[in-house]
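Student: I am new to this structure and should be grateful for a close look at one part of it. Please begin with the pairing of charged side chains, and then show me what lies around it.

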Amino acid sequence: MKGFNDDYETFPDFIHGITHEIWEERGVGAALKRYYADDVLVRAPSGILTDNTGVTAATLATLNEFPDRQLVGEDVIWRSDDDSEHVSSHRLISVMRHTGGGAYGEASGRLVRSRIIADCVVRENQVKEEWLVRDQAAFARCLGLSPRELARRQVDSDMRQFGEPRFFTPAQDVAGTYRPFIAEDSTARAYADGWTRIWGGKEISALQSLYHPGACLHVSGGESRNGHADIDRFLLGYLASFPDAEFCVEHLMINREPEQPVRIAMRWSLRGSHSGWGAFGEPTGAPVYVMGITHAYLTGGRITMEWVMVDEVAVWKQIVSATLAQ
């Protein structure tokens, strides 16, 4: 890999390795300076960071609250345009104990497990852009709160600090140099088309052909859904909450490797209004933007395992904020 750290032989090794250097090895500022550009763009449902200083501050704040944080890497799905630019979608689980005060309240001593998927654009040893989705609903439940309760606390904290609630919407975005990639692969396209039929066209029956009958979905809150009937209920919870939502595939990659299932990473979005009864309770009419990242394993063209990563606390923040403004 041209211009990359010689300590790492492959790009997945690089992604796993720098994560370990930053967090477990406590490289923090120095490692972030080495591996993240000064003008890095990090987009997350909670907001956008536009420089290395902001990323360093956020990392230190997390470590203060969860000093024993371990990041267990599960998979890296990736692609390369040439020797210098690589794109990764890194799925991992954060395991840690809440022993410091901070954004999640006073130290509770509770053990927290929360999954994360991060999409990164990397050139010559540095992350230039990142899309980061954390399962904050799992944070909430591990800490004895509902996602809505945590969202309300975060809104109150934002109001005290900034005078307004903070969450990411496309209107806040800053243009980067990376251009979205959609894989020219029949299996990847069939996967994206299936999602578009369900999430965009509300054609729930499409799950019958998209998912294996024994498929397992890992969803927000650290929970899972198993089989067609369970997946159907999960889908209805979202589709009913946002019946007018527009669905968009933002990025699509596929990996085919020996002794592995076909692996797909897809970043996507929903834009609509909270206008129906569903997984997010009584409709409020709040405008909602959902940033999602999905990993899927396929065998014989059907999904056997899928990770649907949505920050439901950030969704609730949008709903709560709109309600308070009424």
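Tutor: In this predicted model, Arg-34 is partly exposed, with a relative accessible area of 39%. That value falls in the middle class because a residue counts as buried under 20% and as exposed over 50%. Its side chain meets that of Glu-21 in a salt bridge, with 3.3 Å from N to O. The two residues come from distant parts of the chain, 13 residues apart: Arg-34 belongs to helix α2 (residues 28-35) and Glu-21 to helix α1 (residues 11-22). Glu-21 is buried, at a relative accessible area of 13%. The bridge between them thus has one partly exposed partner, Arg-34, and one buried partner, Glu-21.

Side chains of opposite charge can pair when their charged atoms come close. A search of the whole structure finds 19 salt bridges, and some others may be set beside the pair just described. Arg-189 is bridged to Glu-184, their closest N and O atoms being 3.0 Å apart. Here Arg-189 is partly exposed, with a relative accessible area of 31%, whereas Glu-184 is exposed at 71%. Arg-166 and Glu-164 also form a salt bridge, and their closest N and O atoms are 4.0 Å apart. In that pair, Arg-166 is partly exposed with a relative accessible area of 37%, and Glu-164 is likewise partly exposed at 43%. Salt bridges also link Arg-43, Glu-129 and Asp-173 in a network.

The surrounding architecture includes an open sheet of 6 strands. Its strands follow the order β8-β7-β12-β11-β10-β9, and their pairing is mixed. The edges are taken by β8 (223-226) and β9 (246-255); each has a single partner strand, so one side of each lacks a neighbour in the sheet. From one strand to the next the twist averages 20°. Within the sheet, strand β7 (residues 211-219) pairs with strand β12 (residues 302-310) in the parallel sense, over 4 bridges. Tyr-211 has Ile-303 in β12 as its bridge partner.

Helices pack on this sheet. Helix α6 (residues 186-200) lies across β7, β9, β10 (262-273), β11 (287-299) and β12, and runs at about 160° to β9. Helix α9 (residues 312-325) touches β11 and β12, and its direction makes about 160° with that of β11.

Helix α9 also packs against α5, at an angle of about 60° and with the axes 8 Å apart. The two helices are therefore oblique to each other, and their crossing is right-handed. Residues of α5 making the contact include Pro-147, Leu-150, Ala-151 and Val-155, and those of α9 include Val-313, Trp-316, Lys-317 and Leu-324.

One residue of this contact deserves separate mention. Ala-151 is found in helix α5 (residues 147-162) and is buried, with a relative accessible area of 0%. Leaving aside residues up to four places away in sequence, Ala-151 touches Val-313, Trp-316 and Lys-317. The C-alpha atom of Ala-151 is separated by 19 Å from that of Glu-223, which is 72 residues away along the chain.

How values were computed
Residues are numbered from 1 along each chain as its sequence is written. This is a predicted model: local features need pLDDT of at least 70, side-chain atom pairs count only at pLDDT 80 or more; totals for chains, interfaces and linings use all residues. Side-chain values use heavy atoms; hydrogens and water are left out. Buried means under 20% relative accessible area, exposed over 50%, partly exposed in between (1.4 Å probe, protein chains only). Contact means heavy atoms within 4.5 Å. Two strands pair if DSSP finds at least two bridges between them. Axes are lines fitted to C-alpha atoms, for helices over the stretch in contact, and angles run from 0 to 180 degrees between N-to-C directions. Angles under 35 degrees count as roughly parallel, over 145 as roughly antiparallel, 65 to 115 as roughly perpendicular and the rest as oblique. A crossing is left-handed if the near helix is turned anticlockwise from the far one by less than a right angle, and right-handed if clockwise.
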